[in-house]
Amino acid sequence: MKSLKRLIATVIALSMLLSMSVFAAEFKDVEKGSTHEKAIDVLSDIGIVKGYEDGDYKPDKEVTRAEITSLLMRMINLSITGIEVPDSYYTDVASNHWAVYDIKTATDKGVIAGFGGGIFGPDRSVTYE
């Protein structure tokens, strides 16, 4: 878990330090001039964060296990969403779940694990543990 936190912190820190012009999608719920605006814009521009279908970023929303898995897979360029996978390894991750490929790939690579008993909990909030 420490390496995951370091990796995320490094990506965000590097993104904030970049002095390039950013042409990312603007999220209507990210306040202009906020302390996180530039980092969110850069991460959006490089495809790490995508926001929600309604155009929001939802900066105060808790991140789900499916979302963090997809984020991590995007960071290491192994993310594919929107395709069906016949066997996700988990009884609570349907073959047509939006992040099924990322969840299966992350499981195969040993990046994530379920709770046991075939449960992943894709809609549960990410916790420290």
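Is lysine 58 buried, partly exposed or exposed, and what is its relative accessible area? In this predicted model, lysine 58 comes out as partly exposed, because its relative accessible area is 27% and the partly exposed class sits between under 20% for buried and over 50% for exposed. That residue is a handy way into the charged contacts, but a look at the whole chain helps to set the scene.

The protein has 129 residues, and 33% of them are buried. Its secondary structure amounts to four helices and zero strands, so the pattern along the sequence reads simply α-α-α-α. Among contacts with a separation of 6 or more, 56% join residues that are 24 or more positions apart. About 8,300 Å² of the protein is exposed, and 55% of that area is supplied by carbon and sulfur atoms.

Back to the charges. The structure holds four salt bridges, and lysine 58 takes part in a network of them together with Asp54 and Asp56. One link in this network joins the side chains of lysine 58 and aspartate 54, with an N to O distance of 3.1 Å. The other partner, aspartate 56, has its closest O atom 3.8 Å from the N of lysine 58. The two aspartates sit in different settings by their accessibility: aspartate 54 counts as partly exposed because its relative accessibility is 42%, whereas aspartate 56 is buried because its value is 15%, under the 20% limit. Elsewhere, lysine 61 and glutamate 67 bring their side chains together in a salt bridge of 3.2 Å, N to O. Lysine 61 is partly exposed at 34% relative accessible area, while glutamate 67 counts as buried at 15%. As a rule, side chains of opposite charge can pair when their charged atoms come close.

Lysine 104, in helix α4, is another story. This lysine is buried yet has no salt bridge. The nearest side chain of opposite charge belongs to aspartate 108, 4.2 Å away, and this pair does not count as a salt bridge because the cut-off is 4 Å. Leaving aside residues up to four places away in sequence, lysine 104 touches Val85, Asp87 and Tyr89.

What does the inside look like around this helix? The buried residues of α4 are Val100, Asp102, Ile103, Lys104, Thr105 and Ala106, and they pack against α3. In general, nonpolar side chains of soluble globular proteins tend to be buried together. Here, the largest nonpolar core has eleven residues: Ala66, Met73, Val85, Tyr90, Val93, Ala99, Val100, Ile103, Ala106, Ile112 and Phe120. Both α3 and α4 supply at least two residues each to this core, and α4 gives the most, with three. Alanine 66, one of the core residues, touches His97, Trp98, Ala99, Ile103, Phe120 and Pro122, again not counting residues up to four places away in sequence. Apart from this core lies another one, of six residues, including Leu43, Ile48, Ile68 and Met75.

The loop between α3 and α4 has some features of its own. Asparagine 77 lies in this loop and has a positive phi of about 60 degrees, although it is not a glycine. Asparagine 77 is also exposed, because its relative accessible area is 70%, over the 50% limit. Tyrosine 89 is found in the same loop between α3 and α4. Its phi is positive too, near 85 degrees, and tyrosine 89 is likewise a residue other than glycine. With a relative accessible area of 38%, tyrosine 89 is partly exposed, and it is one of the residues touched by Lys104. On the other side of the helix, just after α4, glycine 110 takes a positive phi of about 80 degrees.

Finally, the outside. Ile76, Leu78 and Val111 make a nonpolar surface patch of about 220 Å². Isoleucine 76 belongs to the loop between α3 (65–75) and α4 (100–108). This isoleucine is partly exposed, with a relative accessible area of 44%, so it passes the requirement of over 30% for residues in a patch.

Definitions and conventions: Residues numbered from 1 in each chain as written. Heavy atoms only, no water. Patch = residues over 30% accessible without salt bridge, like charges linked within 9 Å, V, L, I, M, F, W, Y side chains within 5 Å. Areas by Shrake-Rupley, 256 points an atom, 1.4 Å probe, with all protein chains shown as cover. Buried < 20%, exposed > 50% of the residue type's maximum accessible area, 1.4 Å probe, protein only. Core = buried A, V, L, I, M, F, W, Y, C linked by side-chain atoms within 4.5 Å. Contact = heavy atoms within 4.5 Å. Lys, Arg positive; Asp, Glu negative; His and termini not counted.
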